[in-house]
Amino acid sequence: MRGCSAESMESVNSLSLEQTLTVGQALLTGVAMGIYYDLFRIIRRIFACSYATIIAQDLFFWVTSAIGVFYFCIWCTGGILRVIFVLAALAGWGIYAATAGAVLLALVDRAIVCCRAVKRNILDWYTRLHNASSQKTKI
């Protein structure tokens, strides 16, 4: 390019790389948020949660995530809060939820079904064994 010194071009390239890395870090922050939220979703699948408990969990998630994203954004951008960082974090969460998150929850659902079946079979076996031993003591 005419009129551009090598020094200014290097500065532009450095800035572009820095911005790309910041957006990449924001996307990874979103993935971490997705994994964090999935922990709450897994707990809800395993244990019966009341509506009030779900609201409390969601409120806790959003407050802690907002604080985490804010501090990570400040750390990554050198003290400047950028909207693009927050939008990229939400995009990272969406990408995770649509891909790996969906697969993870499907696997968790299958594992829960298997564990409940094993638990039911063990309890049935124990009940039959207990009933059989109590029948022998009556005779």
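In which helix is Ser65 found? In this predicted model, Ser65 is found in helix H2. At a relative accessibility of 6%, Ser65 counts as buried. Apart from neighbours within four places in sequence, Ser65 is in contact with Met33 and Tyr36.

Helix H2 comprises residues 51–76. With 1.5 Å a residue, its 26 residues should span 38 Å, and the distance of 37 Å between its end C-alpha atoms agrees with that expectation. The buried residues of H2 include Gln57, Phe61, Ser65, Val69, Cys73 and Cys76. An α-helix has 3.6 residues a turn, so residues three or four places apart point the same way. Just after H2, Gly78 adopts a positive phi of about 70°.

Several of these buried positions recur in the largest nonpolar core, which has eleven residues: Ala26, Met33, Tyr37, Phe40, Phe61, Val69, Cys73, Cys76, Phe85, Ala88 and Trp93. Two or more residues of this core come from each of H1, H2 and helix H3 (83–98). In soluble globular proteins, nonpolar side chains tend to be buried together. Val69, one of the core residues, touches Thr29, Met33, Phe85 and Val86 when residues up to four places away in sequence are not counted.

Aromatic contacts were examined next. A search of the whole structure finds twelve aromatic pairs. In one of them, the rings of Phe40 and Phe60 have centres 6.2 Å apart and planes at 65°; the pair is therefore edge-to-face. This pair links distant parts of the chain, with Phe40 in helix H1 (residues 6–46) and Phe60 in helix H2, 20 residues apart. Phe40 is buried, with a relative accessible area of 12%, whereas Phe60 is partly exposed, with a relative accessible area of 46%.

Phe40 also forms an edge-to-face pair with Phe61, at 6.2 Å centre to centre and with 75° between the planes. Because Phe40 lies in helix H1 and Phe61 in helix H2, this pair ties together parts that are 21 residues apart in sequence. Both Phe40 and Phe61 are buried. Ring pairs further join Tyr36, Tyr37, Phe40, Phe60, Phe61, Trp62 and Trp93 into a cluster. Among the members of this cluster, Tyr37, Phe40, Phe61 and Trp93 also belong to the largest nonpolar core.

Burial in helix H1 extends to a residue with an acidic side chain position, Asp38. Asp38 is found in helix H1 and, at 3% relative accessibility, counts as buried. With residues up to four places away in sequence not counted, Asp38 touches Tyr96, Gly101, Leu104 and Leu105.

Cysteine pairing was also assessed. A disulfide is a covalent bond between the sulfur atoms of two cysteines. A search of the whole structure finds zero disulfides. Cys114 is in no disulfide, and its nearest cysteine sulfur, that of Cys115, is 6.9 Å away; a disulfide would require the two sulfur atoms to lie within 2.5 Å. Cys115 is likewise in no disulfide, the sulfur of Cys114 being the nearest at 6.9 Å. Cys114 is partly exposed, with a relative accessible area of 48%, while Cys115 is exposed, with a relative accessible area of 54%. Cys73 and Cys76, by contrast, are buried in H2.

Conventions: Residues numbered from 1 in each chain as written. Predicted model: local features only at pLDDT ≥ 70, side-chain atom pairs only at ≥ 80, totals over all residues. Heavy atoms only, no water. Buried < 20%, exposed > 50% of the residue type's maximum accessible area, 1.4 Å probe, protein only. Phe/Tyr/Trp six-rings, centres within 6.5 Å; stacked < 30°, edge-to-face > 60°. Helix = DSSP H or I, 4+ residues; strand = E, 2+ residues; numbered from the N terminus. Core = buried A, V, L, I, M, F, W, Y, C linked by side-chain atoms within 4.5 Å. Contact = heavy atoms within 4.5 Å. Expected span 1.5 Å × (residues − 1).
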